Amino acid sequence: MTRFVLGRIGFYTFVAVVLAFFSVPLLWLLTAPFTDTPTYRVKFPDFTVANFAAMWEHPYALGSLGNSLILAIGTAVIVVALAALAAYALSRVRMPGRDALLYTLLLLSSIITGTAAMVPLFQLAVTVGLIDSQFGLILIMTGGLLPAAIFMLKDFMDSTPKSYEESARVFGASPLQIVRHVVVPLVRPGLATIAVWAVANVWGNFLMPYLLLSDVEKQPAAVIMYTLYTEGGQANLRLLSTFGLLYSIPVVLMYLFVSKKYGFRFHGGIKR
């Protein structure tokens, strides 16, 4: 009995330490923006909005959040659309080497990451005139996310009954109409998964925008965040904490929306 009690005490102590390790930075992020002189310590906030006023006066901070939204939403839309079409084709069309092709794409996308391919990607962007172009950056990030998105979405396509599509085909539906009105409603949770995953990858991406966007007015928040320092090289905690809170809100709202709508029960649109 004593051994059991000591084991439970040790387990709950470990859980409490882990929770404190992750909760203290979040608590600092929630309190520091409302403190007159924030430090690296967590303390009771002064409930001031002066830090937000200072952030409003920053020439690029709020604009960079808009740039992040443009890049994240643009990339997610293209990735979801192309991945849905490709995954549907790979799921329904029987051809030699289909599975080998899919696993090869996934393997190459895992081995040759954006960082490893940065030099050829930069040269390609220079050649086709996509340097300092948000649309060009969206295309490049879309190409990096597509293989894994197709691989994940194919499982959702495989789980949808083909009888639904055959019934629609009997009534004269075209292939695109079948995809739009039959397949897409059934795999909406899968599409939401890919959208959330794509937005999260783009939202926190620093290297690609930093190298491909030279105009500071086009750079996203992940890049602008690294400029919130004083002339002496010290972090401006007033701006950094406030900007960090604003930077986190869109991703949290997206997670809450998708979680409420689908509950992250990603097994397709058919009730089981």
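I will talk about how helix H3 packs in this predicted model, first against helix H9 and then within the nonpolar core.

Before that, a word on conventions: this is a predicted model, in which local features need pLDDT of at least 70 and side-chain atom pairs count only at pLDDT 80 or more, while totals for chains, interfaces and linings use all residues. Residues are numbered from 1 along each chain as its sequence is written, and side-chain values use heavy atoms, with hydrogens and water left out.

Helix H3, residues 61–92, packs with helix H9, residues 188–203, at an angle of about 140 degrees, their axes being 8 Å apart; helices here are DSSP runs (H or I, at least four residues), numbered from the N terminus. The two are therefore oblique to each other, a word kept for angles outside the ranges under 35, 65 to 115 and over 145 degrees. Among the residues that make the contact (heavy atoms within 4.5 Å) are Leu65, Leu69 and Thr75 of H3, together with Leu191, Ile194 and Val202 of H9.

Thr75 deserves a closer look: it is buried, with a relative accessible area of 0%, where buried means under 20% (1.4 Å probe, protein chains only). Setting aside residues up to four places away in sequence, Thr75 touches Ile138, Met141, Thr142, Leu145 and Val202.

Turning to the largest nonpolar core (buried Ala, Val, Leu, Ile, Met, Phe, Trp, Tyr and Cys residues joined through side-chain atoms within 4.5 Å), it has 52 residues, and those touching the most other members include Leu137, Met157 and Phe243. The largest share of this core, twelve residues, comes from H3.

How values were computed
Axes are lines fitted to C-alpha atoms, for helices over the stretch in contact, and angles run from 0 to 180 degrees between N-to-C directions. Buried means under 20% relative accessible area, exposed over 50%, partly exposed in between (1.4 Å probe, protein chains only).
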